[in-house]
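Subject: Structure handover

Hello,

Here is the structure I promised to pass on to you. Please have it open while you read, as the notes below go through it residue by residue.

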Amino acid sequence: MPPLRPNITATMAATTILFFVLSSSSVLLQLLSVSASKEITINPFSPKAALIRYWNNHITNGLPKSDFLLSKASPLTASQSAFLTKLASRNSLSAHLDIFCSSANLFCSFDSAGLNATSSRDANFALYTSNRRFSNYGTSRQGGGVDSFKNYSTGLNSASDSFLKYSQQSNRHNEVFTNYATDGNVANASFGNYGSRSTAGFGDFKNYQNRVNVPGLRFTTYDSASNGHKLGFSSYSDDTNAGSQSFTSYAKKGNRAPDQFTSYGKGSNIVDSTFTGYGELSQGANDSFTSYGSTANNPHDDFKSYGTGGSSAAESFSNYRDAANVGEDSFQSYLRNSNSAKVNFNNYGKTFNPSNDTFKEYGKGAKGATTVGFKSYTSDRTFKDYSKNGVSFSAYNNNNASSGPHHGGMSVNKRNVEPGRFFRESMLRQGSVMVMPDIVDKMPRRSFLPRAIAVKLPFSSSRLEEVKEIFHAAGNSTAEMVIESAVAECERAASAGEVKRCVGSAEDMIDFAVAVLGSDVAVRTTENVKGSKGEVMIGSVRGIDGGRVTESVSCHQSLYPYLLYYCHSVPKVRVYEADIADVESREKINAGVAICHLDTSAWSPEHGAFVALGSGPGEIEVCHWIFENDMTWTRV
């Protein structure tokens, strides 16, 4: 194509704007609010024009450029890009965060505030989707009653709810949270002084924050000084990604308040849970952790001053973190100075790969008939300053890595594998009817940064404080958690044979794809989301690169303020384009892209693909669709 020539009028306008940019911040802020429509389409100085030139210089096959990838280019005008690049060079973006986020199409509102709500009556919230703050809600409720939150905040991109002094000093009052914030992207919930000094009744959290990308939950002085107020967490934060739960002064000074955690964090990826001052100085506590963190990937749990100074507590950990991958638990001052406590660890921490658990001052100074039992417990544990009396170890397993390396995804239970998520290559033939999984992208819509800005922003664990300062991520906030999680995943060591890179600009993505595959490449994705979560019929099928075994580069979104992709090489695959039709009308509704992994020998035996398809590592190929806004690069 002929070289782009700048319009003289546009060039003079851009020069004038740049003069003001460099001379007056107040004038610049006004200029940045001017709509991009006032600039000529594809201004040669714009980030999108720069991307087109970069594509032409690095991809040599002359095929049409991907509208899909170009749509993710920065929407900044030339003047906006120049101004923000200057701010990035001066480390001054933090002072102009609002305009940076809005003009560059970033997502910076991870900790947005909600609306206020107060009530002294029973409440029934069904299919409720707004972000709310519940202050003094249900305080001093007497004589029974129930608040029901059903399908509350389901499917929201960024659910943020606050329960402050909820059900405080109530008597026989029940709270039920069912399907709360399910299928969301970033779910924040804060419970402050929840159930404090309440008597009897129960709080039931069922299917709470399941399948959420980044769940954020904080219980502060929850059930403090309560009397017999029962709490149940069932299927809590299952199948989530990179979440964080914090229980601070939970059930402190409580009296016979039984708490049950069932299937908590099961099948999740990197969920951090912190229990600080949990059950401290309580009487007759009865806590049960069943299938907690099972089949999860790298869960982190911290029990600090748990049950300290309590009396007659009974704690049970059954199938805790069973079949998980790696993981790290810390028990610090657990049951210290307690009286007649009983703790049972049954099938605790039977991870596939080595984990790291620390027991410090566990049971130290305990009195009475304190009993701690470890049954079917694995290695990689550190016991420091541990009570020497009343502790028994049974069936202690010294080889927790016998199942082999855990690659290619986390292990899951069959009931957690979504229908259609994995399938065999033989299903990709014309006329086949199959279930398509939910391929809808639940991430917030964002754009790449111009490379000139991206290269100036810090992105490493050693510079996290600088990153958090730029994006105003306060301590213990969801924004902080999102940033730390993304950086940690990008810095994770590559698996055997894997080459990976995180990219925050389209130019960086092109560089990585070309470095792995060469300059004769193309990028593909599934056209739309039609057929998602339903039965579809396969139409015509075409194998990429003639259907030969090839290598690809797959790129998956990571949650971050700007558009960030985790890209990695995928060897020994076949990639297909397939028409997708409605089963009844047989009319084409979508054009899907599927990738089939031919070598699964290094995958975990508990990988969801094998659970769903009924086989094992190296025995079968595994195929899946490319989801909305994910993409795969291949040689042409």
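What follows is a short tour of salt bridges, one loop residue, two backbone angles and a pocket.

Please keep in mind that this is a predicted model.

**Salt bridges**

A search of the whole structure turns up 19 salt bridges. Three of them are described here.

Let me start with Asp 508, which pairs with Arg 451, their closest N and O atoms lying 2.8 Å apart. Asp 508 belongs to helix H10 (residues 506–517) and Arg 451 to helix H7 (residues 451–454), so this pair ties together parts that are 57 residues apart in sequence. The two partners differ in their surroundings: Asp 508 is buried, because its relative accessible area of 10% is under the 20% cut-off, whereas Arg 451 is partly exposed at 23%. This pair also has company, as salt bridges with shared partners join Arg 451, Arg 501, Asp 508 and Asp 511 into one network.

Next comes Asp 441, which forms a salt bridge with Arg 445 at 3.1 Å between the closest N and O atoms. Asp 441 has a relative accessibility of 12% and counts as buried, while Arg 445 is partly exposed at 48%.

The third one joins the side chains of Lys 588 and Asp 579, with an N to O distance of 3.3 Å. Asp 579 counts as partly exposed, with a relative accessibility of 24%.

**Asn 105 and what it touches**

Asn 105 sits in the loop that runs between helix H6 (97–103) and strand S1 (115–117). Its relative accessibility is 29%, which makes Asn 105 partly exposed. Which residues is Asn 105 in contact with, leaving aside its neighbours within four places in sequence? They are Pro 75, Arg 445, Arg 446 and Ser 447. Arg 445 will be familiar from above as the salt-bridge partner of Asp 441. With Ser 447, Asn 105 makes a polar contact from side chain to side chain, at 2.8 Å. Asn 105 can also be placed relative to Ser 74: the two are 31 residues apart in sequence, and their C-alpha atoms are 7.6 Å apart in space.

**Two backbone angles to look at**

Most residues other than glycine have a negative phi. His 472 has a positive phi, near 55 degrees, and is not a glycine. His 472 is in the loop between helix H8 (464–470) and helix H9 (478–491). Asp 545 likewise has a positive phi of about 55 degrees without being a glycine. Asp 545 lies in the loop between strand S26 (535–543) and strand S27 (550–558).

**The second largest pocket**

The second largest pocket holds about 450 Å³ of space. Its lining is made up of 20 residues, and those nearest its centre are Ser 66, Val 523, Arg 524, Thr 525 and Glu 577. Where does the lining come from? Strands S25 (521–524), S28 (564–582) and S29 (588–597) each supply at least two of its residues, and the largest share, four residues, comes from S25. By type, the lining of this pocket divides into 11 nonpolar, four polar and five charged residues.

Happy browsing, and do write back with any questions.

Best wishes

Note on methods: Residues are numbered from 1 along each chain as its sequence is written. This is a predicted model: local features need pLDDT of at least 70, side-chain atom pairs count only at pLDDT 80 or more; totals for chains, interfaces and linings use all residues. Side-chain values use heavy atoms; hydrogens and water are left out. A salt bridge is a side-chain nitrogen of Lys or Arg within 4 Å of a carboxyl oxygen of Asp or Glu. Buried means under 20% relative accessible area, exposed over 50%, partly exposed in between (1.4 Å probe, protein chains only). Contact means heavy atoms within 4.5 Å. A polar contact is a pair of N or O atoms within 3.5 Å; within protein, one must be able to donate a hydrogen and the other to accept it, and residues adjacent in sequence count only if both atoms are side-chain atoms. On a 1 Å grid over the protein atoms alone, a cavity is a set of points where a 1.4 Å probe fits but cannot get out, and a pocket is an open set with protein on both sides within 12 Å along at least five of seven lines; lining residues have an atom within 4 Å of a point. Grid points are joined across faces, edges and corners, and a volume is the space filled by probe spheres set on the points. Ala, Val, Leu, Ile, Met, Phe, Trp, Tyr, Cys and Pro count as nonpolar, Asp, Glu, Lys and Arg as charged, and the others, Gly among them, as polar.
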